[in-house]
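Welcome to a short set of exercises on cysteines and the links they make. Keep the sequence and the viewer open, and try each task before reading its solution.

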Amino acid sequence: MASSPSSSKSSLAMIIKVAALVALVLVATEVDGQSCNRHLSGLNVCGEFVVPGADKTNPSAECCSALEAVPSECLCNTIRIASRLPTRCSIPTLSCS
């Protein structure tokens with residue numbers, strides 16, 4: 001299935017936004033004074049399963065192992081920080097349905 005140039009640009013823009021958000025969260029997230037960066041960066045292997053328009057819907061064993069290695073508090077803090085970023089950047093809050 002071929003995609004239109006505007007669709008490709010839109011997908012690329014979304015991937016860049018997701019990557020920037022992850023980078024910001026990686027820099028800002030800490031648990032018990034110890035950085036979550038190492039754990040969260042391991043989730044890069046899951047990228048192909050979470051980007052909009054992904055062909056693959058079932059994560060690989062490598063992705064599942066990387067996710068399992070991330071402490072739950074690290075994931076929760078990352079989600080909390082990510083959810084506050086739009087407000088702190090003075091942009092509309094996200095509405096995910």
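**Exercise 1.** Decide whether Cys36 is buried or exposed, then find its bonding partner.

*Solution.* Please keep in mind that this is a predicted model.
- Step 1: Cys36 has a relative accessibility of 2%. The cut-off for buried is under 20%, so Cys36 counts as buried.
- Step 2: Look for a cysteine sulfur atom within 2.5 Å, the limit for a disulfide. The sulfur atoms of Cys36 and Cys74 are 2.3 Å apart, and the two residues form a disulfide.
- Step 3: Place both ends. Cys36 sits in the loop between strand E2 (34-35) and helix H2 (37-41), while Cys74 belongs to helix H5 (residues 72-88), so the link ties together parts that are 38 residues apart in sequence.
- Step 4: Check the partner's surroundings. Cys74 is buried too, its relative accessible area being 0%.

**Exercise 2.** Work out which parts of the chain the disulfide of Cys46 and Cys63 ties together, and give its handedness.

*Solution.*
- Step 1: The sulfur atoms of Cys46 and Cys63 lie 2.0 Å apart, and the pair forms a disulfide.
- Step 2: Cys46 is found in the loop between H2 and helix H3 (47-50), and Cys63 in helix H4 (residues 61-69); the pair therefore joins parts that are 17 residues apart in sequence.
- Step 3: The angle about the S-S bond is 110°, and the link is right-handed.
- Step 4: Both Cys46 and Cys63 are buried.

**Exercise 3.** How many disulfides does the whole structure hold, and what pattern do they follow?

*Solution.*
- Step 1: Searching the whole structure gives 2 disulfides.
- Step 2: Count the bonded cysteines along the chain, and the pattern reads 1-4, 2-3.
- Step 3: Now consider Cys64, which is in no disulfide: its nearest cysteine sulfur, that of Cys63, is 5.4 Å away. Cys64 is partly exposed, with a relative accessible area of 41%.
- Step 4: Add Cys89, also partly exposed, at 46% relative accessible area.

**Exercise 4.** Set the cysteines in the frame of the protein chain: which order do its elements follow, and what share of its residues is buried?

*Solution.*
- Step 1: The protein chain has 5 helices and 2 strands, arranged α-β-β-α-α-α-α from the N terminus on.
- Step 2: Of its 97 residues, 20% are buried.
- Step 3: About 7,300 Å² of the protein chain is exposed, with 60% of that supplied by carbon and sulfur atoms.
- Step 4: Take the contacts between residues at least 6 apart in sequence; 53% of them join residues at least 24 apart.

Definitions and conventions
Residues are numbered from 1 along each chain as its sequence is written. This is a predicted model: local features need pLDDT of at least 70, side-chain atom pairs count only at pLDDT 80 or more; totals for chains, interfaces and linings use all residues. Side-chain values use heavy atoms; hydrogens and water are left out. Helices (H or I, at least four residues) and strands (E, at least two) are DSSP runs, numbered from the N terminus. Buried means under 20% relative accessible area, exposed over 50%, partly exposed in between (1.4 Å probe, protein chains only). Contact means heavy atoms within 4.5 Å. Accessible areas come from the Shrake-Rupley method with a 1.4 Å probe; for residues, only the protein chains shown count as cover.
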